[in-house]
Amino acid sequence: LFIPSESSTNMESENQTGLAEFLPLGLSENPELQPLLFGMFLTLYLITVAGNLLIILTISSDSHLHTPMYFFLSNLSFSDICFSTTTVPKMLVNIQTQSKSISYTGCLTQICFVLVSAGLENCLLAAMAYDRYVAICHPLRYRIIMNPHLCGLLILLSLLISIMSALLHSLMVLHLSFCIDLEIPQFFCELPQVLKLACSDTLFNNILQYFMTSILGGGLFLGIIFSYMQIVSSLLKMPSIGGMYKAFSPCGSPLSVVSLSYGTLGAYLSSAATLPSRKSAIASVMYTVVTPTLNPFIYSLRNKDIMGALRKLISRIS
């Protein structure tokens, strides 16, 4: 009877990691549902890309929309496109080819880009909340504070924070060894699910994950809440209801997107903690797929400036 030594076992696990292919199980293994899932996710993806590209083109084509709020909005639309493109096309390919595999390198790349897109979106939502705070609470100093230099700096800082956080998580995953069972109960490579598949110790990975989520996610969310609380406090001091409504109307769309993003994220996190993994995968669809699809509709249908610029763009093209 041969009992492998610790070094040979580690070498075997490392070799398996190098040759590993992860298996995202998707939303259902029922063959009859695959065409329906393919059509549904393809439609959502095309709507996401077309809607967000239309928002970017509309803002860039109208000089009246070259303001900090719409500058952040165009970057948010770009982030939504990247978020969906990171996860949905690979799932569509897997459904079409009836293959659920993704390479080790591909899985790490997907984890990295998902974290970058999610982090960038949260930073942009915080930047948009700060922009509305300055516009309503300090209207006379708005142009001085929200100058092009600061707006560009906020975008650069958001991107830098997101990339550094994603690279840190990805590099920590590189040090892990994975064994035999590499099935992921998700439709994409999600960091918490991948960590559960590791044979080696993931204590530092989990500490880093909770720390970054608390600092970045929690800190940004508190910043958004503080900004809108200050806005509400300033609005309540206004003498007329008409002036209050006029001042708050530009906040409607950003506040709706914040509610949708953090509401779906909260529902997903709570389901991941209480429901089986396959059922929580359905909840993750709301955050990763549905939210980027709905964002362009929220900003276009609730915003007269966007609708007016969109009609001008369409008439110019036609």
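**Exercises: strands, cores and a charged pair**

Strand β1 (residues 21-24) and strand β2 (residues 102-103) are joined by two bridges and run antiparallel. Helices (H or I, at least four residues) and strands (E, at least two) are DSSP runs, numbered from the N terminus. Two strands pair if DSSP finds at least two bridges between them.

This is a predicted model: local features need pLDDT of at least 70 and side-chain atom pairs count only at pLDDT 80 or more, while totals for chains, interfaces and linings use all residues. Residues are numbered from 1 along each chain as its sequence is written, and side-chain values use heavy atoms, leaving out hydrogens and water.

**Exercise 1.** Work out the strand order of the open sheet.

*Solution.*
- Step 1: Start from β1 and β2, where Phe22 has Ile102 as its bridge partner, and Glu21 stands opposite Ser103.
- Step 2: Turn to β3 (residues 183-184), which runs parallel to β1 and is joined to it by two bridges. Here Leu23 is partnered by Glu183.
- Step 3: Put the pairs together, and the three strands lie in the order β2-β1-β3, with mixed pairing. The edges are β2 and β3, since each pairs on one side only.

**Exercise 2.** Sort the side chains of β1 by the face to which they point.

*Solution.*
- Step 1: Recall that side chains in a regular strand alternate between the two faces of the sheet.
- Step 2: Look at one face, where you meet Phe22 and Pro24, both buried. Buried means under 20% relative accessible area, exposed over 50%, and partly exposed in between (1.4 Å probe, protein chains only).
- Step 3: Look at the other face, where Glu21 and Leu23 point; these two are not buried.

**Exercise 3.** Describe the largest nonpolar core and one of its central residues.

*Solution.*
- Step 1: Count the members: this core has 59 residues, and Phe41, Phe72, Leu73 and Ile224 have the most contacts inside it. (A nonpolar core is a set of buried Ala, Val, Leu, Ile, Met, Phe, Trp, Tyr and Cys residues joined through side-chain atoms within 4.5 Å.)
- Step 2: Ask where they come from: helix α4 (residues 104-137) gives the largest share, 13 residues.
- Step 3: Check for another core, and you find a separate one of 17 residues, with Leu176, Cys189, Val194 and Leu197 among them.
- Step 4: Zoom in on Phe72, whose contacts (heavy atoms within 4.5 Å) include Leu124, Met128, Asp131 and Ile155, not counting residues up to four places away in sequence.

**Exercise 4.** Find the salt bridge of this structure and say whether its two residues are buried or exposed.

*Solution.*
- Step 1: Note that there is one salt bridge in the structure. It needs a side-chain nitrogen of Lys or Arg within 4 Å of a carboxyl oxygen of Asp or Glu.
- Step 2: Name the pair: Asp131 and Arg132 meet at 2.9 Å, N to O.
- Step 3: Asp131 is buried because its relative accessible area is 0%. Arg132 is buried too, because its value is 9%.

**Exercise 5.** Place Ser74 and Glu190 in the structure.

*Solution.*
- Step 1: Ser74 sits in helix α3 (residues 68-97). It counts as buried because its relative accessible area is 14%.
- Step 2: Ser74 touches Ile56 and Ile59, leaving aside residues up to four places away in sequence.
- Step 3: Glu190 lies in the loop between β3 and α7 (191-196). With 8% relative accessibility, Glu190 is buried.
- Step 4: Compare Glu190 with Gln110: they are 80 residues apart in sequence, and 8.3 Å apart in space, C-alpha to C-alpha.
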